[in-house]
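Q: Please take me through one part of this structure closely: the helices that pack against one another. Then place that part against the rest of the fold, and tell me how far to trust it.

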Amino acid sequence: MKPGQDLVIGGFIGLEGTIYAARQLEGRLRKTLPQDLLDAAKDFRNYLKRSPEAAVARRHGEIAMQEVREGGIFAALWDMAEQYQTGFTIFLRKIPVRQETIEICEALELNPYGLLSGGCALLAADNGNDLLWELEEEGICGAVIGKATDSNDRLILNGGKRRYLNRPEPDEIEKLKKAEIRDPGFPDTEGRDIWK
C-alpha cells in the first residue's frame, strides 16, 4: 500500500458475524426483527464460499490486499496501515454493509465496523475504479472507500464529523461469547459447525 492509492473493499463487511448472531440468537432477535430478515442473514454463508478477490487483484497489477476477518474493517485498516507505515482517509458511509447486518447489530448493540467479516477483502490499488469493474465482472460488490496517505493519521470521515481510528478492540462477536448469551429458543451450538 502506497500513499495516494485508492482503498477498495471487495464484498460486504460483517457477514460472518451476522451469520453467527442470526444463528446463535435467533429466538432473541425474532422478538424485534422479522423472520425473513433473519433467514436472509443466515444465508449469507453463500457469500463466504467465494473469494475471487485475489485472482482479480493479481490481474489488476500492483496492489496490497488484506482479508477482513476478526476485528472487522477497522482492524483490517489498522493492520494494513501498520504493515505499510501509511495513514489513510476513509469515508465511513462508503463502506458496503448489508441492511440485515445493521439491524442485527443495532438489536444486539454491536458495532458492524468491528464485526467478524469473512468473505470480504480490503485492497489498495492505483486505480480503484478499474479494480471495481473487475470485481463487478466476478459478481462481487465493491466500493472505493478512501485513500492511503503519507501521514500517520488514520482519519475516518462520517458526514461532517471527523475522528481518528484508535487501535481496534477485540471483535464485536466476543461481546456475545464473553457474556455467554444463550438463546433459550435455539439449541446450544457449542462444539458444532454453525456454518452448515
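A: What follows looks at the helix packing, then the sheet, then the confidence. Keep in mind that this is a predicted model.

Start with helix α3, residues 35–42, and helix α7, residues 99–108. Their axes lie 10 Å apart, and the packing angle is about 115°. Angles of 65 to 115 degrees count as roughly perpendicular. α3 and α7 are therefore roughly perpendicular to each other. Their crossing is left-handed. Which residues make the contact? From α3 come Leu37, Leu38, Ala40 and Ala41. From α7 come Glu100, Glu103 and Ile104. Sort the residues of this contact by class and you get 5 nonpolar, no polar and 2 charged.

Now bring in helix α1, residues 15–24. Its axis comes within 8 Å of the axis of α3, and the two cross at roughly 130°. An angle between 115 and 145 degrees falls outside the perpendicular and antiparallel ranges. α1 and α3 are therefore oblique to each other. This crossing, too, is left-handed. On the α1 side, the contact uses Thr18, Ile19, Ala22 and Arg23. On the α3 side, it uses Leu38, Ala41 and Lys42. The classes here are 4 nonpolar, 1 polar and 2 charged residues. Look again at Leu38 and Ala41 of α3. They take part in the contact with α7, and they also take part in the contact with α1.

One pair is left to describe. α1 and α7 pack at about 55°, with axes 10 Å apart. They are therefore oblique to each other. α1 passes α7 in a left-handed crossing. In α1, the residues are Leu15, Thr18, Ala21 and Ala22. They meet Thr101, Ile104 and Leu108 of α7. This contact has 5 nonpolar residues, 2 polar and no charged. Ile104 of α7 meets α1 here, and Ile104 is in the contact with α3 as well.

Next, the sheet. It is open, has 7 strands and shows mixed pairing. The order is β2-β4-β1-β5-β3-β6-β7. The edge strands are β2 (63–68) and β7 (161–164). Each has a single partner strand, so one side of each has no neighbour in the sheet. From one strand to the next, the twist averages 25°. Inside the sheet, β3 and strand β5 (residues 142–149) run antiparallel and are joined by 4 bridges. Threonine 89 has lysine 147 of β5 as its bridge partner.

Helices pack on this sheet too. Helix α6 (residues 72–84) touches β1, β2, β3, β4, β6 and β7, and its direction makes about 145° with that of β2. Helix α8 (residues 128–137) touches β1, β4 and β5, and its direction makes about 15° with that of β1.

How far can you trust all this? The chain has a mean pLDDT of 85, and 84% of its residues reach 70 or more. Among the elements, strand β3 (residues 87–91) has the highest mean, 97. Helix α5 (residues 53–60) has the lowest, 65. Over residues 180–196, pLDDT stays under 50. The model has 26 contacts beyond four places in sequence for that stretch. Where pLDDT is low, predicted coordinates should not be read in detail.

How values were computed: Residues numbered from 1 in each chain as written. Predicted model: local features only at pLDDT ≥ 70, side-chain atom pairs only at ≥ 80, totals over all residues. Heavy atoms only, no water. Axes fitted to C-alpha atoms, helices over the stretch in contact; angles between N-to-C directions. Parallel < 35°, antiparallel > 145°, perpendicular 65-115°, else oblique. Left-handed = near helix turned anticlockwise from the far one by under 90°. Contact = heavy atoms within 4.5 Å. Nonpolar A, V, L, I, M, F, W, Y, C, P; charged D, E, K, R; others polar. pLDDT = per-residue confidence, 0-100. Pairing = 2+ DSSP bridges.
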